[in-house]
Amino acid sequence: MDCDGSFECTPELEDFLCERLLDQSQPIAERFRALFSLRNLKGDRPREALVSATRDPSNLLAHEAAFALGQMQDTEAIPALEEVLKDLSLHPIVRHEAAEALGAIGSEEVVTLLKDTLIEDPILEVQETCELALRRIMEQKNIDSGDVTTSKVSPFHTVDPAMPASLDCSVDQLREVILNEEEGIYERYAALFALRNQGDDAAVRVIIESLGARSALLRHEVAYVLGQLQHKMAASALADIIKNVDEHPMVRHEAAEALGSIADSESIQLLQEFTNDPEPIVSQSCEVALSMLEFERAGKSFEFFFMEPPEVQ
């Protein structure tokens with residue numbers, strides 16, 4: 001098996017990655033490097049390591065492991081993700097990500113659990129994620145059956161939690177949807193991804209404006225999208241979010257990662273400052289963002305796959 005098309009992923013390297021991911025004595029950025037590498041692999045060992053990581057004491061790492069399992073669309077991960085979603089002792093950011101991952105995998109076998117959780121869960125962000133996941137599964141079924149024609153592939157190579165709204169919609173039309181607090185969460189997400197895919201200055205301005213939404217779940221996805229777009233116009237608004245200690249940690253975390261993607265001098269200074277934030281989800285996000293940026297500026301990949309074998313022995 002080739003990890004990057006040119007470098008062979010040996011069993012020894014695979015074992016190293018799994019061990020590094022689960023080694024709580026390692027810096028959080030090093031564990032993320034292993035996680036980002038493992039999400040490109042198939043098979044029992046990477047899946048088992050990622051599943052184990054969903055129970056990690058680091059809520060940031062645990063939620064990223066659940067996200068990775070969803071992006072891999074590995075149906076074998078469904079039972080573990082269901083257990084994470086049902087476990088009320090876990091942080092909401094982890095449970096939310098498990099629900100999103102189930103929607104990304106898209107199997108109809110999880111519909112009953114998602115419906116029950118939508119009704120019964122005590123956390124609003126988890127409820128809203130279940131609503132998104134249910135709609136995404138339905139939309140994917142319609143696409144697969146030929147009832148709906150749309151692009152399955154994100155231009156950012158991600159499995160998004162909602163299908164983008166029609167490309168025929170104007171920025172003004174999409175703005176009306178995403179800023180309308182009476183609209184359903186799925187429709188607002190669909191507008192967000194359509195705006196992202198358009199990606200011009202007018203669309204980015206609307207995306208930034210939607211950071212004022214009442215839904216913390218939507219605000220966190222907006223920050224994530226701004227990180228994908230890497231538009232410097234968003235830096236000031238994202239800085240305000242990370243500075244706001246009353247903001248939901250999941251939103252501040254995405255703002256930190258987005259600032260790492262924008263990577264201007266003010267953003268870097270802010271990330272350095274907030275590596276000392278008392279909320280671990282935020283401080284660890286800043287650490288990971290700075291580490292990724294350091295590798296990028298050195299012309300290196302953040303993933304272990306691109307290292308020379310002696311360095312991983």
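Does A66 count as buried or exposed, and what is its relative accessibility? In this predicted model, A66 has a place in helix α4, and because its relative accessibility is 0%, A66 counts as buried, the cut-off for that class being under 20%. Leaving aside the neighbours within four places in sequence, the residues in contact with A66 are T54, L81, V94, E97, A98 and A101. A longer separation along the chain can be followed from A66 to G227, which lies 161 residues away in sequence and whose C-alpha atom is separated from that of A66 by 19 Å.

Helix α4 also leads to the largest pocket, since the elements that give two or more residues to its lining are α2 (28-38), α4 (59-72), α6 (92-105), α12 (216-229), α14 (249-262) and α16 (280-297). The space in this largest pocket comes to about 1200 Å³, and of the 40 residues that line the pocket, F36, R39, Y224, S261 and M292 are the closest to its centre. Sorted by class, the lining comprises 16 nonpolar, 13 polar and eleven charged residues.

Another part of the model to follow is the packing of helix α9 (residues 171-178) with helix α11 (residues 201-209), whose axes are 10 Å apart and meet at an angle of about 10°. Angles under 35 degrees count as roughly parallel, and α9 and α11 are therefore roughly parallel to each other. In this contact, V171, R175 and I178 of α9 meet A202, A203, V206 and E209 of α11, and the residues involved divide into five nonpolar and two charged, with no polar residue among them.

Technical notes:
Residues numbered from 1 in each chain as written. Predicted model: local features only at pLDDT ≥ 70, side-chain atom pairs only at ≥ 80, totals over all residues. Heavy atoms only, no water. Axes fitted to C-alpha atoms, helices over the stretch in contact; angles between N-to-C directions. Helix = DSSP H or I, 4+ residues; strand = E, 2+ residues; numbered from the N terminus. Parallel < 35°, antiparallel > 145°, perpendicular 65-115°, else oblique. Contact = heavy atoms within 4.5 Å. Nonpolar A, V, L, I, M, F, W, Y, C, P; charged D, E, K, R; others polar. 1 Å grid on protein atoms, 1.4 Å probe; cavity = no way out; pocket = protein on both sides within 12 Å on 5 of 7 lines; lining within 4 Å. Points joined across faces, edges and corners; volume = space filled by probe spheres on them. Buried < 20%, exposed > 50% of the residue type's maximum accessible area, 1.4 Å probe, protein only.
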